[in-house]
Amino acid sequence: MSTATVLIQRPVVQSTAKRTEKVAEKVVEKVAEASVPLKREVSRFSQVLLTLSIVSSLIYWTALIHPLSGYLHMGIKWLSISTLTAIVLRFLTCKQDVFLLGALFFHSLGDLFLAHPYQDWLMYSMGPFLLGHIFYILTFRTDVEAWAVLKKNITRMKKILLSASLIYGVIMGAVILPSIMHTPMAVPASIYFVIIIAMVFISVLASYKSYWMMVGCWMYLASDSLIALNKFCLPLPNYLQQLSWPLYYIGQILIAFGFLREKQRSKSYFLFSNDRFSF
């Protein structure tokens, strides 16, 4: 092939490449435009579910003072967490998301048993709650670095928080366990308490940019501690009993949405935009 032919073909090839790039850009733009209505619908529906969850939780909280009738009380409590489960269900992309979904599902099931209006189903509720904690541990465990790396990178603050969680667990165990030592609750309650401390411990070890999930786990632990103290040790003042629900609910919100935000499920079309709500 002569030099003249090459010189003639080069501009033709360059022109063809430019046309191809322009066509590709237009295709990407069309796809993006077509996906906007779907993203908006997903966002709207998620916001509706979140609003329903918050309203249900507020109704249930006021019902602690002015109880609702029969199974309505039970249903309102279940709705508070089950709607969060429905939100997560819409954004399943990996195994971790499935673990998060399982955690919320079993917690909503535990709420259903615990809020039974005519039976004390605390023993039965511990099973679903325990499974919920295990699924949270599985969710966080994926983001914990290998031990060799972890020993080098762990910060002083994390060391303090890890020590605090262990000390807290020992103190609460020493306070609560003697009260249930000779009851049917001794073994299940002990296992439950070890698992929830492990959940807090793993949430501290996980390599997350924000503290949402860790704070959520600590709030959950505080809520369960109030319930255990009131149930097994001594009657707490009413305001402390009523504080257990917002601690639990806000903790679940921080864990679920903190994870979605951390994994960028929410970056473009969920409930958050950068560091602000996109309502």
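This passage describes a helix, a surface patch and a set of aromatic contacts in a predicted model.

Helix α2 comprises the 20 residues 70–89, for which a rise of 1.5 Å a residue gives an expected span of 28 Å; the C-alpha atoms at its ends lie 29 Å apart, in agreement with that value. The helix nevertheless contains a kink of about 30°, centred on L79. Buried positions in α2 include H73, M74, I76 and K77, and S80, I81, S82, T83, L84, T85, I87 and V88 are buried as well.

On the surface, a nonpolar patch is formed by I54, L58, W61, L64 and I65, which together have about 430 Å² of accessible area. One of these residues, L64, is located in the loop between α1 (3–63) and α2, and with a relative accessible area of 32% this residue is partly exposed.

Across the whole structure, a search finds 11 aromatic pairs. In one of them, the ring centres of F99 and F135 are 6.2 Å apart and the planes meet at 55°, so the pair is classed as tilted. This pair links distant parts of the chain, since F99 belongs to helix α3 (residues 95–114) and F135 to helix α4 (residues 122–141), 36 residues apart. F99 counts as buried at 16% relative accessibility, whereas F135, at 22%, is partly exposed. A further pair joins F129 and Y248, whose ring centres are 6.5 Å apart with planes at 85°, and it is therefore edge-to-face. Because F129 lies in helix α4 and Y248 in helix α9 (residues 238–262), this contact ties together parts that are 119 residues apart in sequence. Both F129 and Y248 are buried, and both belong to one aromatic cluster with Y60, Y220, W245 and Y249.

Definitions and conventions. Residues are numbered from 1 along each chain as its sequence is written. This is a predicted model: local features need pLDDT of at least 70, side-chain atom pairs count only at pLDDT 80 or more; totals for chains, interfaces and linings use all residues. Side-chain values use heavy atoms; hydrogens and water are left out. Helices (H or I, at least four residues) and strands (E, at least two) are DSSP runs, numbered from the N terminus. The expected span of a helix is 1.5 Å times one less than its number of residues. The bend at a residue is the angle between axes fitted to the seven residues ending there and the seven starting there. Buried means under 20% relative accessible area, exposed over 50%, partly exposed in between (1.4 Å probe, protein chains only). Patches are made of residues with over 30% relative accessible area and no salt bridge: like charges are joined within 9 Å, nonpolar side chains (Val, Leu, Ile, Met, Phe, Trp, Tyr) within 5 Å. Accessible areas come from the Shrake-Rupley method with a 1.4 Å probe; for residues, only the protein chains shown count as cover. A salt bridge is a side-chain nitrogen of Lys or Arg within 4 Å of a carboxyl oxygen of Asp or Glu. Rings of Phe, Tyr and Trp (its six-membered ring) pair if their centres lie within 6.5 Å; planes under 30 degrees apart count as stacked, over 60 as edge-to-face and the rest as tilted.
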